[in-house]
Amino acid sequence: HSQCWNVGECPLLLLALILSSLRLISFRNHLDSLLDTRKRKVVFLEGPNGAGKTSVLEAIHLMATGIGFRTRRDADFARFGAEGYRIDLRCDEFDAAIRHKEGSRREAFLRQAPLPKWTDLIGRIRMTVLKPDDLAIIEDGPAERRRYLDIMLSQKDRSYFDALRRWKRAAKQLHRGATRYSSSRSGSAVSASFATLVAAELPRIFESRDRCCSRLADSVKSLQEELALPGILGLEYRPAVPGKWEPGDWETAAKNCFRESRRCEAMGQPSPWGPGRDDVAVTLDGVLLRQFGSQGQKRLASLVLRLAEARFLTSDDQSPLVLVDDVLGELDRDRKNAFLGLLGGVSGQIWLADTATKYYEERFQNWAKFDIKSGTLQGAIYP
């Protein structure tokens, strides 16, 4: 199962991106907003709460991953009363767009040409977003940590994204076949067909997540040292695999997982095994941070995980966009300065949203600032 860990190995991935402009039409509370960055390295979005700053970041997130911060439904992205929305993104290498009209499917465009599927845009743009609800990665259940891995891996390796979609689709059909058609001959044939598809994707998903966590753990250790955080922050992939198998033998792990999952389904029980049950343990000095950590420790850990994600997504030929949505309020001045030092060292373009950006303007060079109120650009500054 070869994997595309470098840009040169994957034809979908392009050179490092500096967005020159972003336009939102009827997206969230924006009627028609054009942000011309003049290719500045840092972009500030300033305005009161509810002004539309986060919506700008969410539009970039949607272009990169196909999903929003809180929803996947296109109807939820459209401005109230609008019949759809549109996002246009431009950089030196290409222009891209997403369009949606009420009652129609989402469309994606690259260099003004329509793509066969909107999902073909996944992998063209890499980004990581730091937002207040990232505490859920630490505090909530395994689904949040799987989501963190899957969004990251889908941007890094398009073949992982495709494998994950095939597995989810096949697993869903397999479950339907087990519950609806278990007594029919045709149902058994369909079930066997989807079972083959499920089994084929399992090793790749397990292996990709394992390798990703290993890379992240190295970055977490380095970032912790740079931030001078007390204790030892750890990251460990915990695949939901039954039976005996050697570490790294994902073929055997997949067979065990598939066999036991089928047995559970035959008994009418939900399976506790498989990629849909995996978890990632985030620890501090060997104990689970979600159970024993303070709010400050959890916040710092969530920031470290996002910075580690940015490093994971960085390669020789491409750097991710780094989106920061008002996450520094809980940090003391020393931690805040240390974090901004690390943030200033990332090679990708930074988009930073806050109610006031003066504190950051003093620490960054080559920036542009947009004043946003009620989904409308009030002005731009290019020092």
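This is a walk through the chain, from its overall make-up to its two sheets, a helix pair and two single residues.

The model is predicted, so local features are given at a pLDDT of at least 70 and side-chain atom pairs at 80 or more, while totals for chains, interfaces and linings use all residues. Residues are numbered from 1 along each chain as its sequence is written, and side-chain values use heavy atoms, with hydrogens and water left out.

Let us start with the whole chain. The protein chain holds eleven helices and 15 strands; these are DSSP runs, numbered from the N terminus, with H or I and at least four residues for a helix, E and at least two for a strand. Of its 383 residues, 53% are buried, where buried means under 20% relative accessible area, exposed over 50%, and partly exposed in between, with a 1.4 Å probe and protein chains only. Among contacts between residues at least 6 apart in sequence, 71% join residues at least 24 apart; a contact here means heavy atoms within 4.5 Å.

Now turn to the sheets. Strands of a sheet pair through backbone hydrogen bonds, either parallel or antiparallel. Two strands are taken to pair if DSSP finds at least two bridges between them. One open sheet has six strands in the order E2-E1-E4-E5-E6-E7, with antiparallel pairing. Its edge strands are E2 (30-36) and E7 (113-114), each of which pairs on one side only.

Strand E5 is a good place to pause in this sheet. What is the setting of E5, residues 95-101? Five of its seven residues are buried, so the strand is largely enclosed by the rest of the structure. On one side, E5 pairs with strand E4 (residues 84-90) in the antiparallel sense over seven bridges. Arg86 has Arg99 of E5 as its bridge partner, and Arg90 is bridged to Asp95. Four residues lie between E4 and E5, and the two strands form a hairpin. E5 also pairs with strand E6 (residues 107-110), again antiparallel, over four bridges. Here Ala96 is bridged to Leu110. E5 and E6 form a hairpin too, with five residues between them, and Gly103 in that turn has a positive phi of about 85 degrees.

Helix H1 (residues 53-65) lies across E1 (21-27), E2, E4 and E5, and runs at about 100 degrees to E1. For such angles, axes are lines fitted to C-alpha atoms, for helices over the stretch in contact, and angles run from 0 to 180 degrees between N-to-C directions.

The other open sheet described here also has six strands, in the order E8-E12-E13-E3-E14-E15, and its pairing is mixed. E8 (127-130) and E15 (376-381) stand at the edges with a single partner strand each, so one side of each is left without a neighbour in the sheet. With direction ignored, neighbouring strands are turned by 15 degrees against each other on average. Within this sheet, E3 (residues 42-46) and E13 (residues 350-354) run parallel and are joined by five bridges, with Val42 bridged to Ile350.

Helix H9 lies across E8 and E12 (321-325) and runs at about 170 degrees to E8. H9 also has a helix partner. Two packed helices are described by the angle between their axes and the distance between the axes. How do H9 (residues 295-313) and H10 (residues 333-344) pack, at what angle and how far apart? Their angle is about 10 degrees, and their axes are 12 Å apart. H9 and H10 are therefore roughly parallel to each other, a label for angles under 35 degrees, with over 145 counted as roughly antiparallel, 65 to 115 as roughly perpendicular and the rest as oblique. From H9, Leu300, Leu303, Leu307 and Arg311 meet Arg335, Phe339 and Leu342 of H10. These contact residues divide into five nonpolar, no polar and two charged.

Finally, two single residues are worth a look. Asp249 sits in the loop between E9 (233-238) and helix H7 (250-266), and is partly exposed at a relative accessible area of 28%. Asp249 and Pro203 are 46 residues apart in sequence, yet 8.6 Å apart in space from C-alpha to C-alpha. Glu260 is found in H7 and counts as buried at 17% relative accessibility. Leaving aside residues up to four places away in sequence, Glu260 touches Pro242 and Trp273.

Conventions: Ala, Val, Leu, Ile, Met, Phe, Trp, Tyr, Cys and Pro count as nonpolar, Asp, Glu, Lys and Arg as charged, and the others, Gly among them, as polar.
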